[in-house]
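User: Could you take me through one part of this protein up close? I am new to this, so please explain the terms as you go.

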Amino acid sequence: MNSPLPPTIPDTLPDTRNLGVLLRVLLAVNAAALVVAVAATDNFQDAAQRFISDAALLQPALLGALACLALLRDVLTALPYQRGLWLSLALVLGCSLTIRAVLAGLYPADLDSYLRVALYTLLLGLVLFGYFRLRGRALSPLLTMARLQALQSRIRPHFLFNSLNAVLSLIRKEPRQAERALEDLADLFRVFMAENRELSPLASEVALARQYLSIESLRLGDRLRVDWHTERMPPDALIPPLTLQPLLENAVYHGIEPSIRPGQISINIFQVRDELHIDIRNPYYKEGGGHHAGNKMAMGNIRERLALHFDAEASLKTTVGNDYYQVHLSLPYRPASTAKPTRKVP
């Protein structure tokens with residue numbers, strides 16, 4: 001049988017309120033101005049003077065255009081892509097010509113000057129929008145979905161077998177607890193097998209993580225101690241799905257299982273102004289405790305999805321101490337305006 005054709009990837013305008021997008025535009029436009037200055041002069045000194053002179057006109061126009069696009073972002077992105085694109089170009093062109101006219105008292109301009117501004121604005125605008133369109137397609141969830149599903153299918157077999165054995169040991173002694181464990185396990189695998197393209201409410205992800213740790217505690221008993229700090233957690237914050245559970249699975253596998261002594265996993269989730277922070281800390285053994293190196297695929301996948309949804313505004317950092325391993329996630333706080341958590345936080 002022939003494989004079905006992949007779904008069409010919808011084009012979207014760049015998020016002009018995103019720090020990564022703004023930095024890329026600023027660097028690209030200034031780099032283009034520098035190339036023009038070098039090409040129009042014979043030596044470095046003249047090129048530097050030309051660039052500084054052009055920057056006096058370029059920077060106000062560039063910042064003004066970016067401010068207009070950021071202000072009208074929601075309106076422009078709600079339009080069909082082609083209409084939003086041409087309206088954005090018209091907006092940028094209007095801002096550039098207006099600011100050039102305002103600065104005409106300081107930097108006299110003739111008709112050729114306005115024509116050059118219009119030409120450069122349209123050319124750079126088309127190049128940048130084309131770049132963001134290609135970048136959006138390259139990072140589209142429809143293209144990274146296969147990699148995500150590959151990660152989801154790599155659920156460690158020992159987790160499934162050990163969880164089932166733990167449930168079997170409870171069936172006669174604690175049938176109610178065994179039933180709840182099977183329900184948690186079913187919910188966990190239902191989420192694993194879903195496509196999970198969209199952002200998920202933080203409360204749902206925390207509830208899923210609690211279910212996972214509850215299953216692990218059946219077999220690890222008192223060896224697994226969990227310390228939750230969610231007093232300052234915004235439950236409506238949106239994060240990429242299956243972000244917490246793989247990190248906690250790594251914490252259990254590398255921080256709790258290698259030792260016969262009790263170990264504690266600390267999870268601290270809090271909001272600082274417009275940023276969401278997630279800290280996960282677990283014991284660390286320099287010898288490795290008989291386990292292989294950390295799950296770099298899980299970390300890499302989470303980093304990719306953070307970049308996909310939040311660009312340069314999100315980060316994942318790891319810290320290795322003498323006896324602990326810590327993962328820190330930082331991402332912008334985006335409330336779920338219409339989405340509601342599907343699970344209640346225990």
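Analyst: Let's begin with Thr-319, whose bridge partner in strand 7 is Gln-326. This is a predicted model, where local features need pLDDT of at least 70 and side-chain atom pairs count only at pLDDT 80 or more, while totals for chains, interfaces and linings use all residues. Residues are numbered from 1 along each chain as its sequence is written, and side-chain values use heavy atoms, leaving out hydrogens and water.

Strand 7 covers residues 324-332, and six bridges join it to strand 6, with the two running antiparallel. Strands here are DSSP runs of E with at least two residues, helices are runs of H or I with at least four, and both are numbered from the N terminus. Two strands pair if DSSP finds at least two bridges between them. In general, strands of a sheet pair through backbone hydrogen bonds, either parallel or antiparallel.

Now the wider sheet: five strands form an open sheet with mixed pairing, in the order 2-4-5-7-6. Its edges are strand 2 (224-229) and strand 6 (315-320), each pairing on one side only.

Helices join the picture too. Helix 10 (residues 244-256) packs on the sheet and touches strand 2, strand 4, strand 5 and strand 7; contact means heavy atoms within 4.5 Å. The direction of helix 10 makes about 20° with that of strand 5. Such angles run from 0 to 180 degrees between N-to-C directions, using lines fitted to C-alpha atoms, for helices over the stretch in contact. Helix 9 (residues 202-220) lies across strand 2, strand 4 (263-272) and strand 5 (275-283), and runs at about 160° to strand 2.
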